[in-house]
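Here is a short note for a colleague who is new to this structure. Please keep the model open while going through the points.

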Amino acid sequence: MLFFILPLIALALIVMPLVPVYTGVATGKKARRAFIFNICGFVGVMLLAVILPLGGFVSAATEAGSAAAAMSTGEGLKYLGAAISTGLGCIGAGLGVGTSASAAIGACSEDPKAFGKSMIFVVMGEGIAIYGLVISFMILFAA
């Protein structure tokens, strides 16, 4: 019974932050409540991600007698760190490129000679994603 309820709780905690988005929350007290709602959903998912492996509810081993050993917690945290570094690097690059590219388009529409200078700033924003990818490779393949 517990194996069916816990994934449903995890799914509900993941979907909860999307509720204010679909209801059209924009500003004021509703926006503050939506932010608190998102933080609570995130904390709930993170608690489930910590509690489930520690409680022995999930395991990477297929059978008790098989040769494949269960993944250690350190190994799992290594993959989680690599995923977070790549994901946050790509989010940062998206934000940087989005703002700098719109400014570059505006600058190029006024002065076409500014294309080279503006493209440098757009490419610098994309470098953040490459740095995140390099860090994730360093985490995964470090001895």
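Which residue does Lys-78 meet in a salt bridge? The points below start there and then widen to the rest of the chain. Please bear in mind that this is a predicted model.

1. **The salt bridge.** The partner is Glu-75: its side chain meets that of Lys-78, with 3.3 Å from N to O. Searching the whole structure turns up one salt bridge. As a general matter, side chains of opposite charge can pair when their charged atoms come close. A salt bridge here needs the nitrogen within 4 Å of the carboxyl oxygen, and the 3.3 Å of Lys-78 and Glu-75 is the distance to set against that cut-off.

2. **Where the pair sits.** Both residues belong to helix H4, which covers residues 73–110. They are about one helical turn apart, because three residues separate them in that helix. Lys-78 has a relative accessible area of 23%, so it counts as partly exposed. Glu-75 is partly exposed too, because its value is 29%.

3. **A second role for the lysine in the geometry.** Lys-78 also lies over the face of Tyr-79. The distance to the ring centre is 5.5 Å. So look at Lys-78 with two neighbours in mind: Glu-75 in the salt bridge, and Tyr-79 under the charge. As for rings that pair with each other, the structure holds one aromatic pair.

4. **The overall fold.** How many helices and strands does the protein chain have? There are five helices and zero strands. Read from the N terminus, the order is α-α-α-α-α. Among them are H1 at residues 2–15, H3 at residues 28–55 and H5 at residues 115–141.

5. **Burial and surface.** The protein chain has 143 residues, and 17% of them are buried. The exposed area is about 10700 Å². Carbon and sulfur atoms supply 76% of that area. Contacts across the sequence deserve a look as well. Of those with a separation of 6 or more, 61% join residues 24 or more positions apart.

6. **The nonpolar patch.** Which residues form a nonpolar patch on the surface? They are Phe-35, Ile-36, Ile-39, Phe-42, Val-43, Met-46, Leu-47, Val-50 and Ile-51. Together they have about 860 Å² of accessible area. Phe-35 is one of them, and its place is in helix H3. Is Phe-35 buried or exposed? Its relative accessibility is 54%, so Phe-35 counts as exposed.

7. **Helix H1 and a distant residue.** Ile-14 is in helix H1. Its relative accessible area is 51%, so Ile-14 is exposed. Along the chain, Ile-14 and Val-45 are 31 residues apart. In space, their C-alpha atoms are separated by 6.7 Å.

8. **Helices H4 and H5: the glycine in H5.** Gly-125 is found in helix H5. Why does Gly-125 count as buried? Because its relative accessibility is 9%, and buried means under 20%. Gly-125 touches Ala-93 and Val-97, leaving aside residues up to four places away in sequence. Gly-125 and Thr-99 lie 26 residues apart in sequence, with 9.3 Å between their C-alpha atoms.

9. **Helices H4 and H5: two residues in H4.** Gly-94 is found in helix H4. Its relative accessibility is 44%, so Gly-94 counts as partly exposed. From Gly-94 to Ile-128 is 34 residues in sequence and 9.1 Å in space, C-alpha to C-alpha. Leu-88 also lies in helix H4. At 56% relative accessibility, Leu-88 counts as exposed. Its C-alpha atom is 8.2 Å from that of Ala-129, a residue 41 positions away along the chain.

Conventions: Residues are numbered from 1 along each chain as its sequence is written. This is a predicted model: local features need pLDDT of at least 70, side-chain atom pairs count only at pLDDT 80 or more; totals for chains, interfaces and linings use all residues. Side-chain values use heavy atoms; hydrogens and water are left out. Patches are made of residues with over 30% relative accessible area and no salt bridge: like charges are joined within 9 Å, nonpolar side chains (Val, Leu, Ile, Met, Phe, Trp, Tyr) within 5 Å. Accessible areas come from the Shrake-Rupley method with a 1.4 Å probe; for residues, only the protein chains shown count as cover. Helices (H or I, at least four residues) and strands (E, at least two) are DSSP runs, numbered from the N terminus. Buried means under 20% relative accessible area, exposed over 50%, partly exposed in between (1.4 Å probe, protein chains only). Rings of Phe, Tyr and Trp (its six-membered ring) pair if their centres lie within 6.5 Å; planes under 30 degrees apart count as stacked, over 60 as edge-to-face and the rest as tilted. A charge sits over a ring if NZ of Lys or CZ of Arg is within 6 Å of the ring centre and within 35 degrees of the ring normal. Contact means heavy atoms within 4.5 Å.
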